[in-house]
Each structure stands twice: as C-alpha cells, then as structure tokens.
Amino acid sequence: MNDAYLLIRAGITADYITADQAQQLYDEALDHPESGLDGQLESGFGFWSLSSDGTVRLVRCTVIPCAPIPAHRSDEHPAV
C-alpha cells in the first residue's frame with residue numbers, strides 16, 4: 001500500500017491525504033453503489049461525493065497514489 005495519495009475534487013482542487021484516509025474514502029464509496037466507484041485503491045479510483053442523504057451526486061473525486069513528498073530541510077535552500 002502507498003503512504004500518500006492525492007485527492008482531486010472536480011479537477012480543480014487537490015490535497016495530499018494519508019493511506020488511511022484513502023482507504024476510508026474507498027470503503028465509503030464501495031458501500032454506496034450510487035457513488036459510481038471505479039478503479040482500485042492500489043492503482044487509483046474515482047467516485048462521486050454524495051449529499052448527506054446519499055441521493056445527489058455533488059462532485060467527482062479522483063484519488064491517485066503518489067510518492068510521499070520529502071520533508072523540506074532548511075539547509076537545502078538557504079534563504080536569500
């Protein structure tokens with residue numbers, strides 16, 4: 001399993017999420033057929049976020065695995 005994933009909402013905004021968060025999103029989408037889940041956790045998946053009552057598709061989301069971003073070290077790029 002990957003350590004980091006990228007969650008993209010409507011192709012406009014994106015956030016890095018943990019593997020646990022990606023697993024939770026995948027499981028929730030799997031439990032709701034109306035979410036239109038496609039793909040796999042290991043290779044990336046897409047789904048529709050749903051309204052609180054589960055009847056309206058709100059935003060198409062995509063989750064893709066990615067390499068973790070290394071922590072920034074202050075000595076790598078000294079301030080000018």
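Start with Ser35. A polar atom of the Ser35 side chain lies 3.0 Å from the backbone oxygen of Ala29. The Ser35 side chain also reaches the backbone oxygen of His32, at 2.8 Å. Keep in mind that this is a predicted model.

Where does Ser35 sit? In the loop between α1 and β3, with β3 covering 38-40. Is Ser35 buried or exposed? Buried: the relative accessibility is 2%, and the cut-off for buried is under 20%. Now the contacts. Leave out residues up to four places away in sequence, and Ser35 touches Ala29, Phe47, Trp48, Leu50, Arg57 and Arg60.

Two of those names, Ala29 and Phe47, come back in the core. The largest nonpolar core has 12 residues. Here is the list: Tyr5, Leu7, Ile17, Ala19, Ala22, Tyr26, Ala29, Leu41, Phe45, Phe47, Cys61 and Val63. Which elements supply two or more of them? β1 at 4-9, α1 at 19-31, β4 at 44-50 and β5 at 57-66. The top contributor is α1, with 4 residues.

Take one core member, Ile17. Set aside neighbours within four places in sequence. Ile17 is then in contact with Asp3, Ala4, Tyr5, Leu7, Ala22, Leu25 and Val63.

Next, the sheet. There are 5 strands, in an open sheet. The order is β2-β1-β5-β4-β3, and the pairing is antiparallel. Which strands stand at the edges? β2, which is 13-18, and β3. Each has a single partner strand, so one side of each is left without a neighbour in the sheet. From one strand to the next, the twist averages 30°.

Then the helix. α1 packs on the sheet and touches β1, β2, β3, β4 and β5. The direction of α1 makes about 105° with that of β2.

One residue on α1 is worth a look: Asp20. Is Asp20 buried or exposed? Exposed, because its relative accessible area is 63% and the threshold is over 50%. Asp20 and Ala4 are 16 residues apart in sequence. In space they are 9.2 Å apart, C-alpha to C-alpha.

Back to the strands, pair by pair. As a reminder, strands of a sheet pair through backbone hydrogen bonds. β1 and β5 run antiparallel, joined by 6 bridges. Within that pair, Arg9 has Cys61 of β5 as its bridge partner. Cys61 is also on the core list.

β1 and β2 run antiparallel too, again with 6 bridges. Here Ile8 stands opposite Ala14 in β2. These two strands form a hairpin, with 3 residues between them.

Look at Ala10 in that hairpin. Ala10 lies in the loop between β1 and β2. What is notable about its phi? The value is near 55°, positive in a residue other than glycine. How accessible is Ala10? Partly exposed, at 46% relative accessible area.

Last topic, charges. Side chains of opposite charge can pair when their charged atoms come close. How many salt bridges are there? The count comes to 2.

The first on my list is Arg9 with Asp15, 2.7 Å from N to O. Arg9 is the residue we just met as bridge partner of Cys61. Arg9 is partly exposed, at 31% relative accessible area. Asp15 is partly exposed as well, at 36%.

The other is Asp38 with Arg60, 3.0 Å from N to O. What does this pair link? Distant parts of the chain: Asp38 in strand β3 and Arg60 in strand β5, 22 residues apart. Accessibility again. Asp38 is partly exposed, at 41%. Arg60 is partly exposed, at 24%. Arg60 is also among the residues that Ser35 touches.

That brings us back to Ser35. To recap the opening: Ser35 counts as buried, and its side chain makes contacts with the backbone oxygens of Ala29 and His32.

Notes: Residues are numbered from 1 along each chain as its sequence is written. This is a predicted model: local features need pLDDT of at least 70, side-chain atom pairs count only at pLDDT 80 or more; totals for chains, interfaces and linings use all residues. Side-chain values use heavy atoms; hydrogens and water are left out. A nonpolar core is a set of buried Ala, Val, Leu, Ile, Met, Phe, Trp, Tyr and Cys residues joined through side-chain atoms within 4.5 Å. Buried means under 20% relative accessible area, exposed over 50%, partly exposed in between (1.4 Å probe, protein chains only). Contact means heavy atoms within 4.5 Å. A polar contact is a pair of N or O atoms within 3.5 Å; within protein, one must be able to donate a hydrogen and the other to accept it, and residues adjacent in sequence count only if both atoms are side-chain atoms. Two strands pair if DSSP finds at least two bridges between them. Axes are lines fitted to C-alpha atoms, for helices over the stretch in contact, and angles run from 0 to 180 degrees between N-to-C directions. A salt bridge is a side-chain nitrogen of Lys or Arg within 4 Å of a carboxyl oxygen of Asp or Glu.
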